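Got the model open and a selection tool at hand? Here's a short tour, one pick at a time.

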Amino acid sequence: LHANARTGRGPKYLMSGLLACGKCGRKFIIADPTRYACSGWKYRRNCDNTIMASRKLVEGVLLDAIKTDLFTAEGYALYMQEVAKLLAERRRTQKPDVEQVRARLQEVEAKIANIMAAIEAGILTPSTKSALEQAEAERTRLNALLERKPRQAERVLTFLPDAIGRFKALIDDLANPTQLQVDKARAALRGLLGKEILLHPTADGTERYLTAELSGDYAGLLRLETGKNKFGGGQGS
């Protein structure tokens, strides 16, 4: 086993696995206790991106950019419009299904009424009891279907108006996660970004630094907002 052999523990830093070199495409890794560096350069894989960056600086700058620049109120307003259109279309296309459920529910209600009339007339056999139980179970299922469809759409709509405010509060939480929360926080960031953050080596005269290229996934933001816990571990609707 060499010094860099894996021990079975996952990455313990917030941006681990989310950063990639804009020159060679390999991962940016923790090169020493405080700095990120290109693994292609670190392990001599023919990359000349030798710029190393402070872990705290990288995490702070990127979280701030995600919070203030990536998900803007204007951008999210456009996204909300598209979501509203999709939900309206979904309700429209699902309407025939709802009508079928209601029609079937009427048939089941009539069947239950006939069975109850037979029971009142003194006809009670094991098959009659079984038919009643099956019909009542189907009625319960059909009623649940009718109740659930509008609730799912309404749940999404209730999250939309203040999603940006809740998102920014969530990013504040991501800035200082405990070690137990790092994995969930990293997964939340991966869902928000949709792909890796590219770090490009840049020079301005004698000064050398990294510039970051990142994109946002508004669908990922919606999934995170409708999750059950603050780092997106719940199921989105």
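Start by selecting R102: at 44% relative accessibility, this side chain counts as partly exposed (buried means under 20% relative accessible area, exposed over 50%, and partly exposed lies in between, using a 1.4 Å probe and protein chains only). Before you go on, note that this is a predicted model, where local features need pLDDT of at least 70 and side-chain atom pairs count only at pLDDT 80 or more, while totals for chains, interfaces and linings use all residues. Residues are numbered from 1 along each chain as its sequence is written, and side-chain values use heavy atoms, with hydrogens and water left out.

Now add E99, which is also partly exposed, at 39% relative accessibility. Its side chain meets that of R102 in a salt bridge, 3.5 Å from N to O (the term needs a side-chain nitrogen of Lys or Arg within 4 Å of a carboxyl oxygen of Asp or Glu). Why do E99 and R102 sit about one helical turn apart? Because they are three residues apart in helix α3, residues 73–120 (helices are DSSP runs of H or I with at least four residues, strands are runs of E with at least two, and both are numbered from the N terminus).

Next, pick R104, partly exposed with a relative accessible area of 33%, and then E138. These two form a salt bridge whose closest N and O atoms are 2.7 Å apart. This pair links distant parts of the chain: R104 belongs to helix α3 and E138 to helix α4 (residues 126–159), 34 residues apart.

Keep E138 selected and add R141, which is partly exposed at 45% relative accessibility. The side chains of E138 and R141 meet in a salt bridge too, at 3.8 Å from N to O. Bring in E107 as well: salt bridges with shared partners join R104, E107, E138 and R141 into one network. How many salt bridges does the structure hold? Nine.

Time for the strands. Select β5 (residues 197–204) and β1 (residues 19–21), which pair in the parallel sense over three bridges (strands pair if DSSP finds at least two bridges between them). Within that pairing, I197 of β5 is the bridge partner of L19.

On to β6 (residues 207–213), which pairs with β5 in the antiparallel sense over seven bridges. Click H200 and you'll find its bridge partner, T211, in β6. Last stop: the β5–β6 hairpin has two residues between its strands, and there G205 takes a positive phi near 70°.
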